[in-house]
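Please look through the sequence and the model shown here before reading on. The report that follows goes from the whole chain to a few single residues.

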Amino acid sequence: MFWIIIIACLIAWIFLFLPSLIYLTTTWKNCFTNLMYRFNLDAIKLYLIKYFPSETLPDDSALKGFFEKKIMSRYGRCHYVFPLTLLIVISGIAMLLVAISVIGWLGMRADYKPLPPIAISALLGAFMWTAFDQITRFRTGDFTSHDVYICSYRFLITVPMGFSFAATVQDSVGIPLAFFLGTFPANTLTTFGRRFVTKKMDIGDQDAKDKGELEQIQGINKLEAERFKEEDITNILQLAYMDPIDMTLRTNYDFNYVIDCMSQALLWLYLDKNINVDKLRALGLRGAYEARVLQGMLMSSDAAQKQMAENNITELAKVLGVDEKAFRTTLIQVADDPYTKFICNIWS
């Protein structure tokens, strides 16, 4: 029985961080390779000039290697080493304490002093949440170094949180409460704690309830808006001019999705916020990319294509309720925005 407990805790410990290791050796490598494949030499130059203006670019033969090295230094697997090591150490200590406590409770070793049941219950709850979070992220490919740090943080706060909440209820409820609290995400526990203190001290809750600005973009719902907020992107302006590679690797969103959000945000900046954008989408104007395509059609030597664009602009101006000439000026500004040119180059 002694060795069964030891082996079970050892397997559980390995199971906890195994998804991260497999992700870094498979999914992460594939995602990085596919992202780098999207950038030709022109796109690389545009990207480096815009987001690394102080860098001296090498000649074309060495440019791609320079670009990959630059991205790898900022987002490479080396950034996972410390948080993953921290998770392995902290979870290892936690499972060791669980094993010692179980062996002590069963009386197998008189020299093993078990921890209080509430502490072990809280640790097992944290283990349950962390294991579930790791498996879920492995399935969706949504791993970042920050997420691994959160798992370690989850273990660190679980025991004091368990004791704190257990002290507010009867003793018979304290142990299961500590476990079930441990199964909640770290941000949920923080919310619980804040609400508890708010209620006890009669402090007004200052959490914002209004719909966020980012949710006005097609494809960004509350969940996606909160994910962008975690990366300090809270408004349309920030979204329009963010670094797409940085945001792709920090959020694990698909690169096409990030570029599309940027394209919509760029167009939104030039339009009145009260405009019904759904009507514009129906007429083919969904984002800055489409604005540049429309501008290109206006300058086309193909008479039929040019006439099609002219008709489209007339209808768009009616929907916007603005002068057609004024709308043409806006269209030129959107199409000639440096970030619109960058998006079009990447997308094509």
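## The chain and three of its residues

In this predicted model, the protein chain carries 34 positive and 35 negative charges, and the mean positions of these two groups are 4 Å apart. The chain has 18 helices and zero strands. Its radius of gyration is 27 Å, well over the 20 Å that the globule rule gives for 348 residues, so the chain is more spread out than a compact globule. Along its principal axes, the C-alpha trace spans about 90 × 55 × 35 Å.

Of the 348 residues in the protein chain, 41% are buried. The chain exposes about 19000 Å², and carbon and sulfur atoms supply 61% of this area. When contacts with a separation of 6 or more are considered, residues 24 or more positions apart account for 68% of them.

Three residues can now be set side by side, each with its place in the chain and its relative accessible area.

| Residue | Place | Relative accessible area |
|---|---|---|
| Leucine 156 | helix α7 (residues 145–166) | 54%, exposed |
| Threonine 251 | helix α12 (residues 244–251) | 1%, buried |
| Serine 300 | loop between α15 (288–298) and α16 (303–320) | 17%, buried |

Is leucine 156 buried or exposed? Leucine 156 counts as exposed because its relative accessible area of 54% is over the cut-off of 50%. The C-alpha atom of leucine 156 is separated by 15 Å from that of threonine 85, a residue 71 residues apart from it along the chain.

Threonine 251 counts as buried because its relative accessibility of 1% is under the cut-off of 20%. A polar atom of the threonine 251 side chain lies 2.6 Å from the backbone oxygen of methionine 247, and a polar atom of that side chain lies 3.2 Å from the backbone nitrogen of tyrosine 253. Leaving aside residues up to four places away in sequence, threonine 251 touches Asp142, Arg227 and Glu231.

Serine 300 is found in a loop, between α15 and α16, and it is buried, with a relative accessible area of 17%. Which residue does the side chain of serine 300 join through a polar contact of 3.0 Å? The partner is glutamine 305, whose side chain takes part in this contact. If residues up to four places away in sequence are not counted, serine 300 touches Gln305 and Lys306.

Note on methods
Residues are numbered from 1 along each chain as its sequence is written. This is a predicted model: local features need pLDDT of at least 70, side-chain atom pairs count only at pLDDT 80 or more; totals for chains, interfaces and linings use all residues. Side-chain values use heavy atoms; hydrogens and water are left out. Helices (H or I, at least four residues) and strands (E, at least two) are DSSP runs, numbered from the N terminus. Buried means under 20% relative accessible area, exposed over 50%, partly exposed in between (1.4 Å probe, protein chains only). A polar contact is a pair of N or O atoms within 3.5 Å; within protein, one must be able to donate a hydrogen and the other to accept it, and residues adjacent in sequence count only if both atoms are side-chain atoms. Contact means heavy atoms within 4.5 Å. The radius of gyration is taken over C-alpha atoms; the globule rule is 2.2 Å times the number of residues to the power 0.38. Accessible areas come from the Shrake-Rupley method with a 1.4 Å probe; for residues, only the protein chains shown count as cover. Lys and Arg count as positive and Asp and Glu as negative; His and the chain ends are not counted. The place of a charge is taken as NZ of Lys, CZ of Arg, CG of Asp or CD of Glu.
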